[in-house]
There are 2 protein chains.
Amino acid sequence: VSDSWATSGVDLHLETTGPGVRVGLETALRDAIRDRRLVPGLRVPSSRALAADLGIARNTVADAYAQLIAEGWLAARQGSGTRVAHQPVALTRARVLPAASPLPYDLRAGSPDISRFPRSGWLSAARRAVNDAPSEAFGYGDPHGRLELRQALTGYLARARGVRVTPDRVIICSGFTHGLSLLCRVLRSRGATALAMEAYGTADHRAVAVGCGLRVDTLPIDDHGAVIGRLGDQAGVVLTPAHQFPLGMALAPQRRTSAIEWAADTGGIVIEDDYDGEFRYDRQPVGAMQSLAPELVVFSGTASKSLAPGLRLGWLVLPGHLVDDVTAAKALDDYTPALDQLTLAEFITSGRYDRHIRRSRLSYRRRRDRLVAALQGQAPQIHVTGIAAGLHALLELPPGYREEDIIECAAQRGLALEGLRVSGCTSVYTDSRTEERPDALVIGYGTPPGHAYNAAIALLTAVLMECAPA
Amino acid sequence: VSDSWATSGVDLHLETTGPGVRVGLETALRDAIRDRRLVPGLRVPSSRALAADLGIARNTVADAYAQLIAEGWLAARQGSGTRVAHQPVALTRARVLPAASPLPYDLRAGSPDISRFPRSGWLSAARRAVNDAPSEAFGYGDPHGRLELRQALTGYLARARGVRVTPDRVIICSGFTHGLSLLCRVLRSRGATALAMEAYGTADHRAVAVGCGLRVDTLPIDDHGAVIGRLGDQAGVVLTPAHQFPLGMALAPQRRTSAIEWAADTGGIVIEDDYDGEFRYDRQPVGAMQSLAPELVVFSGTASKSLAPGLRLGWLVLPGHLVDDVTAAKALDDYTPALDQLTLAEFITSGRYDRHIRRSRLSYRRRRDRLVAALQGQAPQIHVTGIAAGLHALLELPPGYREEDIIECAAQRGLALEGLRVSGCTSVYTDSRTEERPDALVIGYGTPPGHAYNAAIALLTAVLMECAPA
């Protein structure tokens with residue numbers, strides 16, 4: 001077994017006797033790739049080496065590899081052996097948001113520092129919520145979500161994000177992906193055929209829209225953010241105006257206005273994914289785009305970045321004409337437990353949510369500063385782009401560097417990374433008419449727990465120096 | 001405004017000035033029907049009376065009524081005025097499981113006694129779960145669900161329901177409807193076109209299957225339960241073998257065997273909805289059908305009847321060939337919060353779950369006995385059918401009684417009821433080749449809180465006597 005495989009620490013849990021060995025091997029490999037125990041770009045052992053290692057026939061391994069190559073899980077490249085493929089959306093069957101990495105250090109984007117979760121504050125809020133809850137909270141819920149939480153969010157979103165909102169416009173959901181799924185179903189039922197999304201966006205979001213029967217058109221990104229002028233007759237557009245994911249710019253004011261004009265002219269809707277709008281480090285956060293035109297913009301936020309993805313709590317603030325239909329769509333998948341909603345309501349109204357966000361903002365700001373300083377000091381050839389905001393930064397790689405190589409090199413040293421093209425969260429959706437962007441790393445500096453952050457950054461700078469192209 | 005309307009206590013929250021009065025009235029009426037503040041069968045006031053009452057033009061009311069009749073929300077019947085329609089599935093836009101009733105007493109089926117929710121025990125389990133949770137529990141989860149809960153359920157389901165299960169076959173979901181939705185998507189992606197469901201089944205379940213693009217074929221019910229011989233080339237069948245909902249019999253042993261044979265012969269799957277399998281009062285519960293053929297039967301259970309629907313926690317035990325596909329389907333709608341899963345795991349392994357079920361079983365058994373005794377004493381013309389199990393009983397009405405009349409009569413006295421044909425949970429899906437069943441009430445004796453139970457039963461017997469046909 002080759003070094004790259006051995007160091008990845010993969011245990012395939014494989015039965016190596018009986019008639020099902022080949023199928024078992026295929027399944028074990030698919031599972032390991034899907035769970036990201038085998039990361040894209042990783043070289044797999046030769047069929048001869050793996051067969052010897054597992055004590056099974058070489059043909060069995062070769063057949064399994066051939067099958068997985070045909071299915072797109074593995075890719076054979078001349079001269080460099082067989083590697084774990086970079087999966088396109090169509091193949092992305094399981095969650096592409098980052099699962100826990102098997103590697104000791106993780107700088108992939110998409111997660112806040114979950115070790116900061118305010119356990120005792122949350123428990124206090126839960127105690128109060130459970131004790132104070134009216135009995136009906138334990139029954140089948142109102143698909144709008146608990147009024148207590150919609151009221152608490154109304155105050156918070158108006159104050160912190162400038163959202164123009166009343167509780168009757170708020171629908172509680174389980175996260176942005178869930179909210180998007182509800183919206184896609186409603187748009188589809190109204191006859192929509194296409195939705196626009198930003199280039200390099202999250203693969204999950206595309207999968208949801210496609211799964212609802214919508215075509216996804218890609219909006220190129222330039223220095224001012226999404227190129228709104230490319231919008232056409234789509235039924236809606238998903239934007240990350242506060243902090244584009246993953247390129248990191250804020251949507252320029254003129255573009256915001258253009259998007260609203262497009263919506264007013266065409267009857268389309270703007271879906272504002274405010275995924276990390278609370279975290280701006282260089283100035284006051286730019287207010288939500290929704291406040292420009294509450295009847296044309298859906299505002300969407302979650303507790304996934306501000307508290308933890310594991311809470312599965314999110315919210316939509318809807319234009320009036322969408323409230324009934326989105327509520328109806330939600331009625332059949334009303335998955336948000338009432339006690340969690342009441343706990344978050346209590347967490348917000350008690351002031352704990354604001355305090356937690358202030359502390360988190362300070363912590364992430366320091367992390368970003370440390371990242372920038374470390375790179376300036378030790379890898380000055382790397383350019384950090386994007387505004388001082390959010391939980392991730394884009395590191396543009398100089399000519400000659402390849403994302404795949406850096407990612408594999410980092411994995412061998414125990415650091416999980418992802419790139420702009422090659423990653424768990426993003427995929428290539430460039431418009432062929434736009435220029436290709438340089439290879440880049442998407443660094444989630446919020447991801448590691450506090451005690452591991454300095455070591456992760458040290459590893460990153462070491463990788464960037466040591467794995468530079470020859 | 002007529003008595004029937006006035007006594008229903010409906011407040012339409014209507015703005016009665018400005019250009020949007022008619023649209024506002026339509027929306028208010030739709031909302032009230034959808035929320036079941038206006039129950040099916042209720043007579044609405046004449047347009048003249050309502051216009052006078054609201055101080056708006058009669059034509060406005062008449063136009064709104066005409067629109068709602070065209071949309072199917074209202075139904076005009078010669079000689080008996082306009083009434084709230086009995087909504088077919090296609091129109092059932094919002095959750096049809098019972099929302100909290102505006103009436104003081106509620107004997108509709110579908111909910112356990114949520115006032116029995118073990119708040120302090122749940123909080124203790126939550127405290128332990130939150131404190132002991134590994135950090136990764138706060139991240140994006142594994143779509144299988146938390147291993148801790150899958151392990152706890154494995155022990156419980158084997159012990160209490162005879163399920164043949166290992167943790168790798170368990171997928172955590174948000175309830176039966178969610179599990180069914182996952183299964184429907186997988187079956188559809190494998191080319192399925194139809195699913196069979198029992199006659200009189202829950203409208204939500206049909207809506208989910210239809211929403212996935214599946215045709216739903218109806219299986220008639222006779223004294224032995226679902227008529228398995230009517231199954232054809234459907235990809236699966238949803239059964240309630242422990243306690244048919246709503247008719248109340250257990251599926252006969254021969255029928256169980258036939259269903260397994262059908263699955264083995266056709267490659268179909270049996271989806272066992274064990275919605276109240278823990279509650280049998282006259283004998284040991286009949287073990288899960290899944291144990292007969294774990295590779296042909298999906299076992300599905302939830303905490304909705306055993307603890308509370310508001311928890312949104314359920315589980316599927318899957319045949320091996322479905323695990324990967326169902327997990328993949330779940331990956332994009334992974335809505336089950338990790339802390340809730342860990343809390344339930346702790347609640348089970350600490351022994352609290354078994355204790356709560358034992359206590360609940362005793363309480364519901366007493367309630368059923370009291371219902372039966374009250375009817376024997378005061379309404380002996382009413383026949384209680386079905387086995388001594390679960391949370392509901394079927395009350396067959398003698399010739400001449402009409403469900404609609406009893407339901408409206410009860411509503412006027414402050415008691416929410418539903419019938420076999422006319423209800424929130426069920427709809428008419430009889431096979432035209434089978435005989436029509438007599439009108440019947442589906443009594444959810446688990447629904448009222450303990451302090452209101454005797455009064456609810458007293459009201460029920462009073463209604464059955466006083467509202468008898470002339």
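This is a short tour of a predicted model with a chain A and a chain B, stop by stop.

**Stop 1: the two chains together**

Start by coloring chain A and chain B differently. Two copies of a chain are related by a rotation about an axis and a shift along it. Here, a turn of 180° and a shift of 0.1 Å along the axis lay chain B on chain A, with an RMSD of 0.2 Å. That is how a two-fold axis relates its copies. Want to find the axis on your screen? Select B:Y335: among the residues of chain B, its C-alpha comes closest to the rotation axis, at 3.1 Å.

**Stop 2: where the chains meet**

Now select the residues of each chain that touch the other one. You should pick up 56 residues of chain B, in contact with 55 residues of chain A. Do the copies meet through the same surface or through different ones? Through the same surface, because 98% of the interface residues of chain B are also interface residues in chain A.

The size of an interface is often given as the accessible area lost when the parts come together. For chain B and chain A, the buried area is about 4700 Å², and 60% of that lies on carbon and sulfur atoms.

How many salt bridges cross the interface of chain B and chain A? Zero turn up by the rule. Polar contacts are another story: 14 residue pairs make them across the interface of chain B and chain A, both partners being at pLDDT 80 or more.

Next, highlight some helices of chain B. On the side that touches chain A, at least two residues come from each of α2 (21-34), α5 (119-132), α7 (176-189), α8 (203-211), α10 (320-331) and α11 (338-349) of chain B. Which helix gives the most to that side? It's α5(B), with eight residues. If you color this side of chain B by residue type, you get 27 nonpolar, 13 polar and 16 charged residues.

**Stop 3: inside helix α5 of chain B**

Stay with α5 of chain B and show the side chains of B:R128 and B:D132. These two form a salt bridge, with their closest N and O atoms 3.3 Å apart. They sit four residues apart in helix α5 of chain B, so about one helical turn separates them. Over all chains, a search of the whole structure finds 32 salt bridges.

**Stop 4: a disulfide in chain A**

Jump to A:C409 and A:C467. Their sulfur atoms are 1.5 Å apart, and the pair forms a disulfide. About the S-S bond the angle is -50°, which makes this link left-handed. Follow the chain between the two ends: A:C409 is in helix α13 (residues 403-412) of chain A, while A:C467 is in the segment after α14 (450-466) of chain A. That's 58 residues apart, so the pair links distant parts of the chain. The whole structure has two disulfides over all chains.

**Stop 5: some backbone oddities**

Most residues other than glycine have a negative phi, and most peptide bonds are trans. With that in mind, zoom in on A:F245 and A:P246, joined by a cis peptide bond with omega of about 5°. You'll find A:P246 in the loop between β9 (236-239) and α9 (253-266) of chain A. Then hop over to chain B, where the bond from B:F245 to B:P246 is cis with omega near 5°. B:P246 lies in the loop between β9 (236-239) and α9 (253-266) of chain B.

For your last selection, pick A:R312, in the loop between β11 (297-302) and β12 (314-317) of chain A. Is its phi positive or negative? Positive, near 55°, and A:R312 is not a glycine.

Terms used:
Residues are numbered from 1 along each chain as its sequence is written. Chains are lettered from A and ligands numbered from 1 in the order in which they are written. This is a predicted model: local features need pLDDT of at least 70, side-chain atom pairs count only at pLDDT 80 or more; totals for chains, interfaces and linings use all residues. Side-chain values use heavy atoms; hydrogens and water are left out. Copies are superposed by least squares on the C-alpha atoms of residues with pLDDT of at least 70 in both. Contact means heavy atoms within 4.5 Å. Buried area is the accessible area (1.4 Å probe) that two parts lose on being put together, summed over both. A salt bridge is a side-chain nitrogen of Lys or Arg within 4 Å of a carboxyl oxygen of Asp or Glu. A polar contact is a pair of N or O atoms within 3.5 Å; within protein, one must be able to donate a hydrogen and the other to accept it, and residues adjacent in sequence count only if both atoms are side-chain atoms. Ala, Val, Leu, Ile, Met, Phe, Trp, Tyr, Cys and Pro count as nonpolar, Asp, Glu, Lys and Arg as charged, and the others, Gly among them, as polar. A disulfide is a pair of cysteine sulfur atoms within 2.5 Å.
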